[in-house]
Amino acid sequence: MRAERGILIVLSGPSGAGKSTVIKSLMKRRSDIRFSVSATTRQPRPGERDGEDYFFITREAFDELIAQDAFLEHAEYVGNCYGTPAAPVEKDLAAGYNVLLDIEVQGAAQVMAKRPDAVSVFLCPPSLAELERRLRGRGTDSEEKIVGRLKTARQEYKLLDQYAYIVVNDDADTAAAELDAIITAHLCRSENRIQFIADAKGEELS
Ligand code: ADP
Ligand code: 5GP
């Protein structure tokens with residue numbers, strides 16, 4: 001069953017918590033999700049693809065998009081800029097897809113202020129020690145960036161209570177199953193089902 005209009009899902013969590021890993025697992029479970037590809041000024045990591053993981057753009061191009069009001073939200077994170085292009089999100093929602101944003105806490109707050117109907121989920125690592133292990137194990141960040149990301153993680157934890165749901169990523173498949181369940185539950189909320197019921201009643205009467 002495809003809803004008239006999809007729901008917006010905001011997923012945040014410290015860098016290294018496993019958001020990309022859990023999202024990949026979630027996308028295998030569900031075909032009704034579209035991942036919102038953000039723009040960023042940071043350098044691609046090995047294996048990351050332009051237009052798939054991110055749109056990798058210059059600071060000038062990023063500022064130009066801000067000037068054009070092309071972002072649903074944008075923020076700076078450990079020295080780089082990140083933003084959600086608004087048009088693809090609107091297009092996918094209007095087509096009935098559920099759109100998943102992988103964004104940090106400042107951007108998430110902007111989205112939740114604009115779109116209170118969004119469902120917000122914070123993905124936590126089991127501990128800060130494990131977060132550090134994962135950041136080092138990923139092997140993609142300099143020591144300076146790892147220290148910055150760990151410091152930022154402590155700040156992010158202070159905003160946990162802004163989120164409707166918290167998922168602990170101990171085992172990635174279990175975390176994906178929990179995220180899947182949250183999305184299913186949210187889709188079953190009455191405000192997201194009203195159109196479906198109206199259509200079903202129409203069928204009954206005809
Ligand atoms: P994020 O997108 O939140 O920055 P990643 O998905 O890149 O995080 O994961 C960071 C590192 O942790 C990667 O090397 C990934 O393979 C690893 N990882 C992710 N989830 C788990 C998990 N549940 N258990 C162990 N390692 C994990
Ligand atoms: P990374 O560099 O590890 O891919 O991402 C760093 C942080 O930026 C993560 O917390 C990620 O969720 C966040 N992020 C990615 N895209 C966006 C975006 O479009 N907007 C905002 N505000 N944060 C983003």
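This section describes the surroundings of ligand 1 and ligand 2 in a predicted model.

Residues are numbered from 1 along each chain as its sequence is written, and chains are lettered from A and ligands numbered from 1 in the order in which they are written. Because the model is predicted, local features need pLDDT of at least 70, side-chain atom pairs count only at pLDDT 80 or more, and totals for chains, interfaces and linings use all residues, while side-chain values use heavy atoms, with hydrogens and water left out.

Ligand 1 has 14 residues around it, of which Gly-16, Lys-19, Thr-21, Arg-138 and Asp-170 come nearest (a residue is near if one of its heavy atoms lies within 4 Å). Polar contacts are taken here as pairs of N or O atoms within 3.5 Å. An oxygen atom of ligand 1 lies 2.7 Å from a backbone N or O atom of Lys-19, and a backbone N or O atom of Ala-17 is 3.4 Å from an oxygen atom of the ligand. A polar backbone atom of Ala-172 is found 3.3 Å from a nitrogen atom of ligand 1. On its own, ligand 1 exposes 570 Å², and the protein buries 74% of that (areas by the Shrake-Rupley method with a 1.4 Å probe). Two elements, α1 (19-29) and α5 (128-138), give two or more residues to the shell around ligand 1 (helices are DSSP runs of H or I with at least four residues, and strands are runs of E with at least two). The most comes from α1, with 3 residues. By class, this shell holds 3 nonpolar, 6 polar and 5 charged residues; Asp, Glu, Lys and Arg count as charged, Ala, Val, Leu, Ile, Met, Phe, Trp, Tyr, Cys and Pro as nonpolar, and the others, Gly among them, as polar.

Turning to ligand 2, 18 residues surround this molecule, and the closest are Ser-38, Arg-42, Tyr-54, Tyr-82 and Asp-102. Two arginine side chains take part in polar contacts: a polar side-chain atom of Arg-45 lies 2.8 Å from an oxygen atom of ligand 2, and an N or O atom in the side chain of Arg-149 is 2.8 Å from an oxygen atom of the ligand. The backbone contributes through Gly-83, with an N or O atom 3.1 Å from an oxygen atom of ligand 2. Alone, ligand 2 has 510 Å² of accessible area, of which the protein covers 96%. Strands β5 (71-77) and β6 (80-85) each supply at least two residues of the shell, which comprises 5 nonpolar, 6 polar and 7 charged residues.

Notes
A polar contact is a pair of N or O atoms within 3.5 Å; within protein, one must be able to donate a hydrogen and the other to accept it, and residues adjacent in sequence count only if both atoms are side-chain atoms.
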